[in-house]
Amino acid sequence: NPSTYLPTVIDNEFKKLYYQRSYFYSVQYAANSTFDFDKNLNSLERLVKYAPRAIQVGLFSPFPSSWFAEHPTQLSKLMHLISGMEMFIIYICLAGFIISIFIWKKKIEFWMFVCFSFYFILLPTYAMPNIGALVRYRYGAIMLLVAIGISAYIKLYIYKNKNDLK
């Protein structure tokens, strides 16, 4: 649905995003890891209301419920276990990312990395609603957040060691 308050150029970009999502569903409707098939994101309002779910899926999928679920083959089961271990480590690093917000909240460079990462995590979440594709497309962006989280842990470790030596 066209927006009445956005410039046509921007509104057309949201329309392309909607068409990409619709095309993905039409081609991959039977894929095992497709999510939110019932969500029709055909307006800016619906896209904005979907943002919390998009952030959840973009940052935290594949979810723990799929790590140990029954899968058709042993190889598939092994791959889900490996991705589960990877996500467990990412979860720990994302906790460090939360800490980093308090450490570097006044640094413009920090917010530039965060905005870049969230853009490249959310765009595939909206355009290709499939966890398998999402894991591949968001990899670089989520690794930036992981690196920031690790940096926060290192900063806290150094700070603690400096205070212990006094």
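Confidence is a good place to start, since this is a predicted model. The chain averages a pLDDT of 85, and 93% of the residues score at least 70. Among the elements of the chain, helix H5, residues 108–127, has the highest mean pLDDT, at 92. The lowest mean, 78, belongs to helix H1, residues 8–28. These two helices make a handy pair to walk through.

Let's take H1 to begin with. Its 21 residues should span 30 Å at 1.5 Å a residue, and the C-alpha atoms at its ends are indeed 30 Å apart, so expectation and model agree. Now look at which side chains are hidden: Asp11, Leu17, Arg21, Phe24 and Tyr25 are buried in H1. These residues cover an arc of only 140° around the axis, which means that they sit on the same side of H1. A general point helps here: an α-helix has 3.6 residues a turn, so residues three or four places apart point the same way. On the other side of H1 you will find Thr8, Val9, Lys16, Tyr19 and Tyr23, which are exposed. And what lies over the buried residues of H1? The cover includes helix H2 (44–60) and H5.

That brings us to H5 itself. At 1.5 Å a residue, its 20 residues should span 28 Å, and the distance between its end C-alpha atoms, 28 Å, agrees. The buried residues in H5 are Phe110, Val114, Ser117, Ile121, Leu122, Pro124, Thr125, Tyr126 and Ala127. Ser117 is worth a pause: this H5 residue has a relative accessible area of 0%, so it counts as buried. Beyond its neighbours within four places in sequence, Ser117 is in contact with Ala141, Leu144 and Leu145.

Ile121, also buried in H5, has its own set of partners. Setting aside neighbours within four places in sequence, Ile121 is in contact with Gly58, Leu59, Leu134, Arg138, Ala141, Ile142 and Leu145. Ile121 also belongs to the largest nonpolar core, which has 17 residues. Those with the most contacts inside this core are Ile90, Phe97, Trp104, Phe110, Ile121, Leu145 and Ile148. H4, H5 and helix H7 (139–165) each supply at least two residues of the core. There is also a second, separate core of 14 residues, which includes Leu41, Tyr126, Ala127 and Ile131. As a general background, nonpolar side chains in soluble globular proteins tend to be buried together.

Aromatic rings add another layer to the picture. How many aromatic pairs does a search of the whole structure find? The search finds seven. One of them joins Phe60 and Tyr91 edge-to-face, with 5.9 Å centre to centre and 65° between the planes. This pair links distant parts of the chain, with Phe60 in helix H2 and Tyr91 in helix H4 (residues 74–104), 31 residues apart. Are these two rings buried or partly exposed? Phe60 has a relative accessible area of 33%, so it is partly exposed. Tyr91, at 22% relative accessibility, counts as partly exposed too, because buried would call for under 20%.

Trp104 and Phe110 form a tilted aromatic pair, 6.4 Å centre to centre with 45° between the planes. Both Trp104 and Phe110 are buried. They also take part in one aromatic cluster, formed by Phe97, Trp104, Phe110 and Trp111. Of these, Phe97, Trp104 and Phe110 were met above among the residues with the most contacts inside the largest nonpolar core.

Key: Residues are numbered from 1 along each chain as its sequence is written. This is a predicted model: local features need pLDDT of at least 70, side-chain atom pairs count only at pLDDT 80 or more; totals for chains, interfaces and linings use all residues. Side-chain values use heavy atoms; hydrogens and water are left out. pLDDT is the predictor's confidence in each residue, from 0 to 100. Helices (H or I, at least four residues) and strands (E, at least two) are DSSP runs, numbered from the N terminus. The expected span of a helix is 1.5 Å times one less than its number of residues. Buried means under 20% relative accessible area, exposed over 50%, partly exposed in between (1.4 Å probe, protein chains only). The arc is that of the directions from the helix axis to the C-beta atoms. Contact means heavy atoms within 4.5 Å. Rings of Phe, Tyr and Trp (its six-membered ring) pair if their centres lie within 6.5 Å; planes under 30 degrees apart count as stacked, over 60 as edge-to-face and the rest as tilted. A nonpolar core is a set of buried Ala, Val, Leu, Ile, Met, Phe, Trp, Tyr and Cys residues joined through side-chain atoms within 4.5 Å.
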